[in-house]
Amino acid sequence: MTKRKFLGSEAANGLLMLSPTAIYSIVVMAAPLIAVLLFSFMTPGYLKVIWTPTLDNYAKVLSDPIYQVLLGRSLVMAATVTAVTVLTAFPIAYFISFIVSPEKKSLWLFLITIPFWTSYLIRVFLWKVILGYNGVINEAFMGLGIIHQPMTFLLYNMNSVVLTLAHSYAPFAILPIFVALEKIDRSLLEAGQDLGESRIMTFIRVTLPLAMSGVVASVLIVFIPTVGDYVTPTLVGGSSGQMIANVIQLQYFKLGNYPVGSAVSIAAMGVVTVISVIFVFANRRFMRGPQ
Amino acid sequence: MTSSPAAAAPTPKAKRPLIELRDIEKYYGDYYALRKITTDIREGEFFSLLGPSGCGKTTLLRCIAGFEELSGGNLLIDGKDMEGVSANHRPTNMVFQSYAIFPHLTVEENVGFGLRREKATKEDKARRVAEALEMVGLKGYGKRAAHALSGGQRQRVALARALILKPKVLLLDEPLSALDKKMREQMQSELRKLQRQVGITFILVTHDQEEALIMSDRIAVMFDGVIAQLDSPERLYRRPVSRKVAEFIGIMNFLPATVTGTEGGQIQLEVAGLGAIAIDAEQCPGAVKTGEASVGFRPETMTVLFEGDPEPTRGKIAGGEVEEVVYFGDMSYYDVKLDGVEKPVQISMRNVVGRPVLGRGARIRIAWEAGALVLFC
Ligand SMILES: Nc1ncnc2c1ncn2[C@@H]1O[C@H](COP(=O)(O)OP(=O)(O)OP(=O)(O)O)[C@@H](O)[C@H]1O
Ligand SMILES: [Mg+2]
């Protein structure tokens, strides 16, 4: 048997081509992560880190109810945002894939990205303008005489966080579902009806299972970043809309407590990872490819 | 007719029209895809729709299945008007060209897909699925993922999935076109056998004339949204009603001719290269007109006479010159210039031991019979 030379082989070429990306990912992603992981095992000093390894930070994170409340609230909020986003994204993706004529599809996808033409911050501020005490909705309703006092449940709570996040993640949720729907061979739907099922049952038995790979992707794309979202709860969350990211920010930048902030981050990351893995595992039968 | 014993006791199964098409029309926008198609498809027959690409075969099949709405006319299945009856309520099942096997289900789940709505026990359904798989030669494949099957296997799954529901009509849209030649030939005879075995009416769409000839009881040849001829394979081959049909089915040679008169069931002709002859009126499947016409014959109906062959006892002799020879192993195809005819005609000969393959430029004598000719006016 001849041993293939490594240099010049396909594997070597592949590695060579991958290396810029690999180096980039290591520098910008792995390195900070490792730093955070390291910090989380160090002893917090006043505005500085004492380099003695300890597990106290984790003990504190696990015992202090404030972290559990905030992480729990973040998870519930992220789950709600995900549910709202994906459930509204599905009909939109379905509409573009199945109802819009093929030559207009790219136009529709383009229209969906329009909200991204302005910065996220501006979009969040616009929601403040719409939902605020003297905002568009309250002014309009009072002007119409429907209400006499401005509604206060619109802004600075969980509702406004969910609404703002759902709006901003909509395109990310629509696209994977759209792609999954586009891949469905239309004759499969005719086959479903040919075999005696109504349109609705064909949707349930054929379209939905085949779209699930896109739905799973959408769920992860929305859920994972929203758990740790920081800007939105800060701007429209009020005190009842504070999330885990807010306490991380507090630890790092207000208290200068890097070790505890890191431990909270790692703990949150662990929980999100576990949930995501369970979710993907639960849906694994939808993930097997058609080829 | 009614008094004859054969007609008095017709086999009801073979004669009853199962599908009645009455002036079926279909428009796609301005495009007139089906132009008043009227015909009956009989119970238990293997019926083929044959025609060139774009002639409307798939459209007609989809109209029967209920995937396309008719723009005009009536469609009856088993005496029942299908207007307003959606695909899932029609007694038809389809084998799609792409097979449309559900990729997220196993072979078993695919085959049993249509059984959900039936009131039967789980065991009963499982038994039927196993039976259906066995019928198409996929015994033991039930647990496989559907997307891991070969083309031929998918085809069988699609067949089993449709036949398990015992439809009155099975619709097949070019089911064999994606298979390689060998597999296709095998499936052709298997499909034919299967059809005889289950006795269900099959409607096959194909653009392959050979396939249609091999498999069908009757063939409808379609051009541009109309049925040009509906006949048995043999009649279609021997007595095509028009030059267009003749050219579509196999090879036919045409010679210019003049119709000089008709009398007593005979037609008098003057044919280039063959001379003056009389043929049966039956040999003109279309309408007869005196004047310019053409006469067609199949390559195998003329015989090249070799040195030392006995003189033919029937028929006549024509002279010609070999212009080109194509040797095919068992057959040789000669392009022959008949004396007095511009365009060469094709004559096929079985290669028999001891017979030379004639070379180009050879002078030959050809034996032919008037009975093999078809007249197109
Ligand atoms: N959905 C549609 N919209 C517009 N025109 C169509 C549509 N479906 C078919 N046609 C047109 O109708 C004609 C007949 O199409 P059909 O698919 O029935 O042809 P076919 O005989 O099955 O051809 P092939 O052998 O290529 O499958 C074609 O000219 C086609 O372009
Ligand atoms: Mg077709």
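1. Ala, Val, Leu, Ile, Met, Phe, Trp, Tyr, Cys and Pro count here as nonpolar, Asp, Glu, Lys and Arg as charged, and the others, Gly among them, as polar. By that split, the shell around ligand 1 holds five nonpolar, five polar and two charged residues. Keep in mind that this is a predicted model.

2. The shell itself belongs to chain B. Ligand 1 is surrounded by B:Tyr28, B:Tyr31, B:Ala33, B:Pro52, B:Ser53, B:Gly54, B:Cys55, B:Gly56, B:Lys57, B:Thr58, B:Thr59 and B:Glu174. Two elements of chain B, β2 (31–42) and α3 (57–65), each supply at least two of these residues. The most comes from α3(B), with three residues.

3. Now the polar pairs. A polar side-chain atom of B:Thr59 sits 2.5 Å from an oxygen atom of ligand 1. For B:Gly54 the partner is a backbone N or O atom, 2.8 Å from a ligand 1 oxygen. The side chain of B:Glu174 places an N or O atom 3.3 Å from an oxygen atom of ligand 1. Taken alone, ligand 1 exposes 630 Å², and the protein buries 59% of that.

4. B:Glu174 deserves a second look. This residue lies in the loop between β7 and α7 (181–198) of chain B. Its phi is near 40°, a positive value in a residue other than glycine. Most residues other than glycine have a negative phi. Is B:Glu174 buried or exposed? B:Glu174 counts as buried because its relative accessible area is 10%, and the cut-off for buried is under 20%.

5. B:Lys166 also has a positive phi, near 45°, and is not a glycine. Its place is the loop between α6 (151–163) and β7 (169–173) of chain B. With a relative accessible area of 63%, B:Lys166 is exposed.

6. Turn to chain A for a nonpolar surface patch of about 1000 Å². The patch is made by A:Phe95, A:Ile99, A:Leu107, A:Trp108, A:Phe110, A:Leu111, A:Ile114, A:Phe116, A:Trp117, A:Phe172 and A:Ile221. Two or more residues each come from α3 (65–99) and α4 (105–112) of chain A. Which element gives the largest share? That is α4(A), with four residues.

7. One patch member, A:Ile114, can be placed further. A:Ile114 is found in the loop between α4 and α5 (120–131) of chain A. The residue is partly exposed, at 36% relative accessible area. That value fits a patch member, because patches are made of residues with over 30% relative accessible area.

How values were computed
Residues are numbered from 1 along each chain as its sequence is written. Chains are lettered from A and ligands numbered from 1 in the order in which they are written. This is a predicted model: local features need pLDDT of at least 70, side-chain atom pairs count only at pLDDT 80 or more; totals for chains, interfaces and linings use all residues. Side-chain values use heavy atoms; hydrogens and water are left out. Patches are made of residues with over 30% relative accessible area and no salt bridge: like charges are joined within 9 Å, nonpolar side chains (Val, Leu, Ile, Met, Phe, Trp, Tyr) within 5 Å. Accessible areas come from the Shrake-Rupley method with a 1.4 Å probe; for residues, only the protein chains shown count as cover. A salt bridge is a side-chain nitrogen of Lys or Arg within 4 Å of a carboxyl oxygen of Asp or Glu. Buried means under 20% relative accessible area, exposed over 50%, partly exposed in between (1.4 Å probe, protein chains only). A residue is near a molecule or strand if one of its heavy atoms lies within 4 Å of it. A polar contact is a pair of N or O atoms within 3.5 Å; within protein, one must be able to donate a hydrogen and the other to accept it, and residues adjacent in sequence count only if both atoms are side-chain atoms.
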